[in-house]
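Here is a short set of exercises to work through with the model open beside you. Try each task before you read its solution.

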Amino acid sequence: MPSSKKGSLNRRRFLKGAAAGAAALVGPAVGPGVPLAETAPAAQAAQARAVTPLPGPGLVAAETSPPAPRVDVYTTDRPGSDFMLDVLKSLGFEYAAANPGSTFRALHESIINYGGNKAPELLTCCHEESSAAMAHGYAKIEGKPMMIMAHGTVGLQHASMAIYNAYADRVPVYIVLGNIADGMWRRSDVEWTHAVQDPAAMVRDYTKWDDSPISLRQFAESAVRAYKIATTPPMGPVVITADGILQEEPVSEEDRRRLHVPKLSQTTPPAGDAAAVADIAKILVAAENPLIVTGRSARTPKGLQLLVELAELLQAPVMDRRQRMNFPTRHPLYGSGSLATADVVLALEVPDFWNVTHEQTPLNRMGMEIRPLTKQGAKLITISSMDLIMKSNYQDFGQYNEADIAVAGDAEATLPSLIEACKRLITPERKRVFEQRGARLTEAAKRIHEQDLQQAAWGWDSSPITTARMSAELWNIIKNEDWSLVSDVVFQSWWPTRLWNFTKHYQFIGGHGAYGIGYGAPAAVGAALANRKYGRLTVNIQSDGDLNYAPSVLWTAVHHRIPLLSVMHNNRAYHQERMFVADMAARAQRDVSRVDIGNAITNPNIDYATMAKAYGMFSVGPIENPTDLGPALKRAIDVVKRGEPALVDVVSQPR
Amino acid sequence: MKKLFYAMVIVAGLPVWGFGQVGQVGQVGQVSGNAEEGKRLFMKNNCYYCHGTSGQGGRDGARIAQTALNLQGLTRYVRQPAGGMPAFTEKILSDRELTDIYAYLKSLPAAKAPKDIPLLNEIR
């Protein structure tokens with residue numbers, strides 16, 4: 001690291017000297033009290049530009065005249081941002097995603113020069129929503145947060161929806177905001193409009209923790225604390241403000257010796273209460289038809305193994321809400337159970353569990369028609385870390401659950417003790433019962449798989465291409481690769497999870513969290529980035545409406561050479577919305593044929609292949625004939641295997 | 001920024017719209033509608049939103065190509081659906097138009113068996 005030089009100036013001293021020097025060079029004043037009409041044309045122009053000045057006569061003169069004998073220059077060898085980076089580096093960030101912003105310019109510079117642009121490496125994003133959603137997708141593959149940087153005002157405003165998605169999905173995102181807290185340091189209307197009294201306020205309802213430190217020492221402690229909080233289940237985004245002056249002002253050698261990078265002491269995930277776990281084990285072992293419902297149950301590969309172990313131990317079927325890769329999709333216990341016949345339902349990290357166990361008529365929002373889907377007397381058990389953090393304003397907590405046992409704890413951390421408790425209770429007689437149950441479920445799983453294949457065959461040769469055909473063609477081309485699907489499956493009628501053989505934790509990461517559209521493309525790029533170092537083939541089935549929020553993330557993928565196959569599910573509409581509007585039209589007994597208005601993305605059709613090309617990405621399409629799809633995917637995947645992103649535009653059925 | 005509330009219609013992996021959620025009513029009768037006109041009406045009235053342009057079905061609606069319902073059963077379901085599908089009254093679709101749509105659905109080709117589609121056969 002460079003050492004401090006004598007003669008370095010801090011910013012306040014420099015500005016004072018610079019102002020005096022500039023005044024001497026400018027000559028006659030042009031300013032308040034001097035009518036614009038009475039000034040020379042050049043001065044009028046200078047006055048008009050005063051808000052966001054172009055190079056004025058003073059600057060022009062300074063840069064073209066012989067140098068003064070001695071001019072104070074403002075240099076800093078040890079900006080506070082270097083120390084901030086030391087702290088951030090200690091947390092092990094691989095990447096820092098950002099759309100550049102002046103309030104964190106010093107930290108930006110420290111990353112690329114002082115830090116050598118390694119760990120973290122800067123990712124150039126064209127929108128803060130892309131930064132946050134990339135971090136969201138990255139964390140679900142890598143199991144740890146990515147850092148993002150944004151202006152405390154306009155940048156955070158851009159990022160806010162993606163932060164809400166991550167919060168609702170209980171995913172850690174580490175957000176560093178730039179802000180100039182002290183008004184006396186702000187130089188222009190730009191810095192005033194980009195400054196905020198309480199930077200994190202606008203996202204406090206959907207972040208787990210935040211702080212705005214006013215000293216480097218406090219920054220260090222809060223930065224480490226923020227990481228610890230973000231990565232302790234229930235995980236979530238955190239915000240730490242890097243004050244602009246703290247970033248930019250020098251730190252003397254003496255002060256620096258007093259600073260300290262705190263050690264990160266990770267908190268172990270909270271496991272469920274032992275007595276409650278023992279009770280649950282008794283109920284599960286005694287149950288005739290237990291059902292395990294999985295949501296965000298498997299945080300890690302170990303979680304997936306534990307779920308398989310529990311299900312196989314009890315020969316209990318698993319109903320997967322497809323919010324993480326919880327269970328192998330071809331396992332005979334996957335999807336072969338039923339809420340209607342279950343006498344015990346065990347929900348593991350399931351958001352809005354009430355909605356799983358009840359049926360509502362979507363149209364009747366007033367005086368809801370509600371019907372329980374479970375049989376009378378069925379015991380409902382929840383193990384969830386969601387009970388450990390709940391906020392008031394944003395209602396992602398869902399409807400109140402009338403559970404028989406509700407354990408506040410991380411499901412994955414609780415599973416080992418639950419498995420052991422069950423093992424202790426299983427008698428040879430119960431084991432025989434379980435085996436018989438398992439045999440029945442295996443047969444049921446075979447029937448379901450066969451029905452899925454029969455269903456997939458309908459409309460096989462249709463154009464627009466069915467989502468089943470698209471999924472089957474895609475599977476054919478990736479099945480022998482080490483693949484990872486990083487998009488949701490809900491918009492494709494779940495065909496990937498119905499047809500593909502998912503076995504590994506990284507092969508599926510769930511969806512948005514809060515259904516805030518615009519998540520898909522950037523989250524896929526972030527997830528693909530995490531997969532890159534493992535050599536995995538990353539696949540994204542990309543909805544058209546979603547891509548149009550911030551398509552510039554395609555450029556980020558190209559720029560950073562992130563291999564990713566994006567297959568457009570191009571149904572040329574905000575399809576969910578037009579179904580809702582069709583509902584309303586039918587309900588009002590009016591013209592349902594008009595509901596494309598405001599919902600269709602046609603006239604003109606968007607050419608996504610050309611869009612991708614504009615960002616420098618290899619692309620094929622639009623593909624309308626299903627027989628063209630396989631060869632197009634093959635061409636694209638060859639590009640991805642060479643380490644580049646590629647896009648195939650498929651004109652597809654609505655769902 | 002738009003927030004969507006898909007969860008309202010996503011119920012545990014089960015289709016919530018669909019003609020197919022009612023049981024078969026009687027036998028398939030004589031089809032007297034105009035299939036070509038039925039196709040036009042099927043598309044115009046956006047039946048394909050949930051059931052697909054080939055009536056293949058999907059997340060939001062059952063497969064209705066080659067429907068096993070008879071015309072009476074189909075009409076009854078469209079007028080008084082039991083699932084998540086909205087009721088289409090005669091103000092929206094007349095009985096005559098439903099007859100044409102029915103003819104279109106019956107005219108759609110049946111699916112091949114999965115064993116006869118190589119990509120699906122490999123998944124079996």
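## Exercise 1: Two helices in chain B

α3(B) and α4(B) are oblique to each other. Keep in mind as you look that this is a predicted model.

**Task.** Work out how the axes of α3 and α4 of chain B are placed, and what leads to the word "oblique".

**Solution.**
- Step 1. Find helix α3 at residues 71-79 of chain B and helix α4 at residues 95-107 of chain B.
- Step 2. Their axes come within 10 Å and cross at roughly 120°.
- Step 3. Angles of 65 to 115 degrees count as roughly perpendicular and those over 145 as roughly antiparallel, so an angle outside these ranges and not under 35 is oblique. The pair α3(B) and α4(B) is therefore oblique.
- Step 4. For the handedness, α3(B) passes α4(B) in a right-handed crossing.
- Step 5. Now look at the residues that meet: Leu71(B), Leu74(B), Thr75(B) and Val78(B) come from α3(B), while Asp95(B), Leu98(B), Thr99(B) and Tyr102(B) come from α4(B). By class, this contact has 5 nonpolar, 2 polar and 1 charged residues.

## Exercise 2: The rest of chain B

**Task.** Describe the secondary structure of chain B, and decide whether Asn46(B) is buried or exposed.

**Solution.**
- Step 1. Chain B has 5 helices and 0 strands, which gives the pattern α-α-α-α-α along the sequence.
- Step 2. Of its 124 residues, 48% count as buried.
- Step 3. Take the contacts in chain B with a separation of 6 or more: 74% of them are between residues 24 or more positions apart.
- Step 4. Go to the loop between α1 (35-44) and α2 (48-51) of chain B, where Asn46(B) is found. Asn46(B) is not a glycine, yet its phi is positive, near 60°.
- Step 5. Count the neighbours: Asn46(B) has 21 other C-beta atoms within 10 Å, so it is buried.

## Exercise 3: Where the chains meet

**Task.** Which elements of chain A touch chain B?

**Solution.**
- Step 1. The contact brings together 45 residues of chain A and 45 residues of chain B.
- Step 2. On the chain A side, at least two residues each come from α14 (353-357), α16 (428-457), α17 (467-478) and α22 (575-587).
- Step 3. The largest share, 7 residues, is supplied by α22(A).
- Step 4. Sorted by class, the chain A side consists of 23 nonpolar, 15 polar and 7 charged residues.

## Exercise 4: Two domains of chain A

**Task.** Find how domain 2 and domain 4 of chain A are placed, then look at the surroundings of Glu128(A).

**Solution.**
- Step 1. Chain A is divided into domain 1 (11-64), domain 2 (80-258), domain 3 (274-449) and domain 4 (458-651).
- Step 2. The C-alpha centres of domain 2 and domain 4 of chain A are 31 Å apart. Their contact takes 26 residues from domain 2 and 27 residues from domain 4.
- Step 3. On the domain 2 side, β2 (121-124), α6 (128-142) and α7 (154-168) of chain A each supply at least two residues. The most, 11 residues, come from α6(A).
- Step 4. Glu128(A) is in helix α6 of chain A. It is buried, with 28 other C-beta atoms within 10 Å.
- Step 5. Leaving aside residues up to four places away in sequence, Glu128(A) touches Asn99(A), Ala150(A), Gly155(A), His158(A) and Ala159(A).

## Exercise 5: Unusual backbone spots

**Task.** Where in chain A do Pro464(A), Pro604(A) and Tyr515(A) lie?

**Solution.**
- Step 1. Start from the general rule: most residues other than glycine have a negative phi, and most peptide bonds are trans.
- Step 2. Ser463(A) and Pro464(A) are joined by a cis peptide bond, with omega about 0°. Pro464(A) lies in the loop between α16 and α17 of chain A.
- Step 3. Another cis peptide bond joins Asn603(A) and Pro604(A), with omega about 5°. Pro604(A) sits in the loop between α22 and α23 (608-614) of chain A.
- Step 4. Tyr515(A), not a glycine, has a positive phi of about 55°. Tyr515(A) lies in the loop between α18 (495-499) and α19 (520-532) of chain A, and counts as partly exposed because it has 19 C-beta neighbours inside 10 Å.

Notes. Residues numbered from 1 in each chain as written. Chains lettered and ligands numbered in written order. Predicted model: local features only at pLDDT ≥ 70, side-chain atom pairs only at ≥ 80, totals over all residues. Contact = placed C-beta atoms within 7 Å. Helix = DSSP H or I, 4+ residues; strand = E, 2+ residues; numbered from the N terminus. Nonpolar A, V, L, I, M, F, W, Y, C, P; charged D, E, K, R; others polar. Domains from an automatic or database assignment. Buried ≥ 20, exposed ≤ 12 C-beta atoms within 10 Å, placed from the backbone. Axes fitted to C-alpha atoms, helices over the stretch in contact; angles between N-to-C directions. Left-handed = near helix turned anticlockwise from the far one by under 90°.
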